[in-house]
Amino acid sequence: MENKIQISDLRVHYGDTPALNGISFDVHPNEILSIIGPAQSGKTTLLKVINRTLEFTPDAKVEGTVKLDGVDIETIGDVYGLRRRIGMVLPLPVGLPLSIYDNVAFAPRTAGLRTKSELDEIVERCLQQAALWDEVKDRLDTLGTKLSGGQQQRLTIARALSHQPEVLCLDEFSIAIDPVTTMRIEDVLKTLQKEMTILLVTNLVQQAKRLANRTAFFLNGDLIEIDTTDVIFSDTPANQATYDYINGSFG
Amino acid sequence: MDTDIQVSPGAMFTETALDRQKRRIEIVVRIFLLVVTSLMIIPLLLIIGYLLYKALPVLSFEFLFTNPKDNMRAGGIWAPFLGTIYLVVVSLLVSAPIGVFAAVYLNEYARENWFTRITNLAVVNLAGVPSIVHALFGVGAFVLFARLGESILAASLTLAIMTLPVIIASTTEALKAVPMSFREACWNLGATRWQTIRRIVIPNSISGILTGVILQVSRAAGETAPIMFTGAVFYKAIAEGDLFAYNIMEQCMALSLHLFTISTQVPDVTEGIPYATAIMLVGSVLLINAVSIALRVYLRTRKKW
């Protein structure tokens, strides 16, 4: 099986502060890989490396390689195209100060799509997928920033889906959403898995257990353990720290 | 040890000595702050009131549209008024785009390195340079070196140099007010920096940017030093009522310099004229500030987050 993402010996420093200390692992196509671990363990940094938005952080240094479909992402000339192949959902909901419609149509438009009917189709499909369509279909021209926090987060997910990514990265997406909506989105993710690979950074270990095929445990910039979710959540993961974290002994 | 405190019902609402003292201090502080604030308004009202009282006999549309006459002892202010408009408009046409684009570069593109640091240092220091120094720079750079001669263009460029740093600073503030998370969201969607700036950053900071630029109108209109060696003359007659009476390669009159001249250099000026000139200068500046505030309020009600 060809790996979707291949990470080898990835090191990241912010100035003198290390954030990732040489991690290596693979992401399989169409899997949900959850990444768990306490704060400051490098999870968000990892996602920023994958879509190369870490380049906007002035003093960040990256070593090692990340390959997407076997191609080193550093060698990809069209970095904007790369970012569109990867959907990114950040922890705090960010509705852009545009209408709901324009929020979702933003990425297709920056990629050059102008046809109204195609944009309409994308907006409806993505809002459906993000479980937001029914709540907003009659007011697509209101501002995205006027939605509630949970709705804005689903808007963010719809926006991330609008450029039809091959990999969807979710960084603690459920922080601002109520449990019922979270469950709806989790169902959506299981459906989306057929079309794309999903990287799920989460602080809710139970969410990882519910959704993920495999789970990786990060601690202080190191990859402690990566295995199938069943093994990670069993009584005998390979590393004691994994067991302690999942069972709430620390973190 | 028994720590129960016996409190009779209602006792906690009776005013104690401490409560009375706190209340008195509160009143004193409030009155003091009100008085200090009023001190700020009173001089302005007095100045404008006095000017208006003295100026009323001569203030009229005719005063605005007539050239100074009779060795500036009589007549109106058309030539200096139009000159000031020329100076302000030309200087802002230069400094506003340069200042705004420079601020966009510094805030959105520039990395933290020696070039950015030097530029920021230059901006801060330029803003602190006295206007007479700008004037001498203008003489050297524009009048003599660039061979523009003493002209509206040279004077406007000097004013532009003076207003530029402040426009850069105010634009930077406006850009910084747009949350970083908006930019990150756009970058994650594959937008370039410029697409992000054009679609999200500028539309959401335009009110602050415009306010900063407009406030420089009053500064450019009020300054005398930068223009008196670079393009403003004591007297020049132009076609009355013709908005295109000046050529920007020629010299012009200006309200600020004209006010100085008729108040100190010309004997026997008709009583109300200096006051009326001052009122026109202050009035135009206040009008422009009012427009700027109205614009800001209007754009802020449309603020989107």
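What percentage of the 251 residues in chain A is made up of buried residues? In this predicted model, buried residues account for 43% of the 251 residues of chain A. The radius of gyration of chain A is 18 Å, and because a compact globule with 251 residues would have a value near 18 Å, the two agree. Measured out along the principal axes, the C-alpha trace of chain A spans about 50 × 40 × 35 Å.

The secondary structure of chain A comprises 10 helices and 10 strands. Among the contacts in chain A with a separation of 6 or more, 68% are accounted for by residues that lie 24 or more positions apart in the chain.

One part of this architecture is an open sheet of 4 strands in chain A, in which the order is β2-β1-β4-β5 and the pairing is antiparallel. The edges of the sheet are occupied by β2 (17-27) and β5 (71-72) of chain A, and because each of these has a single partner strand, one side of each is left without a neighbour in the sheet. Strand β1 of chain A, which covers residues 5-14, runs antiparallel to β2(A) and is joined to β2(A) by 8 bridges; within this arrangement, Ile7(A) is found opposite Phe25(A), a residue of β2(A). Helix α1 of chain A, formed by residues 43-50, packs on the sheet, where it touches β1, β2 and β4 (60-68) of chain A, and the direction of the helix makes about 115° with that of β1(A).

The largest nonpolar core contains 140 residues, and those that touch the most other members are Ala158(A), Cys169(A), Leu199(A), Leu200(A) and Leu87(B). For Cys169(A), when the neighbours within four places in sequence are left aside, the residues in contact are Leu47(A), Ile50(A), Ile86(A), Gly87(A), Met88(A), Val89(A) and Leu199(A). Of these partners of Cys169(A), Leu199(A) is itself listed among the core residues that touch the most other members.

The contact between the two chains can be described in a similar way. It takes 22 residues from chain A and 17 residues from chain B. On the side of chain B that touches chain A, the elements giving two or more residues are α7 (180-188) and α8 (193-201) of chain B, and α7(B) gives the most, with 6 residues. By residue type, this side of chain B divides into 7 nonpolar, 6 polar and 4 charged residues.

Notes. Residues are numbered from 1 along each chain as its sequence is written. Chains are lettered from A and ligands numbered from 1 in the order in which they are written. This is a predicted model: local features need pLDDT of at least 70, side-chain atom pairs count only at pLDDT 80 or more; totals for chains, interfaces and linings use all residues. Two residues are in contact if their C-beta atoms, placed from the backbone, lie within 7 Å. Ala, Val, Leu, Ile, Met, Phe, Trp, Tyr, Cys and Pro count as nonpolar, Asp, Glu, Lys and Arg as charged, and the others, Gly among them, as polar. The radius of gyration is taken over C-alpha atoms; the globule rule is 2.2 Å times the number of residues to the power 0.38. A residue is buried if 20 or more other C-beta atoms lie within 10 Å of its own, exposed if 12 or fewer, and partly exposed in between; C-beta atoms are placed from the backbone. Two strands pair if DSSP finds at least two bridges between them. Axes are lines fitted to C-alpha atoms, for helices over the stretch in contact, and angles run from 0 to 180 degrees between N-to-C directions. A nonpolar core is a set of buried Ala, Val, Leu, Ile, Met, Phe, Trp, Tyr and Cys residues joined through C-beta atoms within 7 Å.
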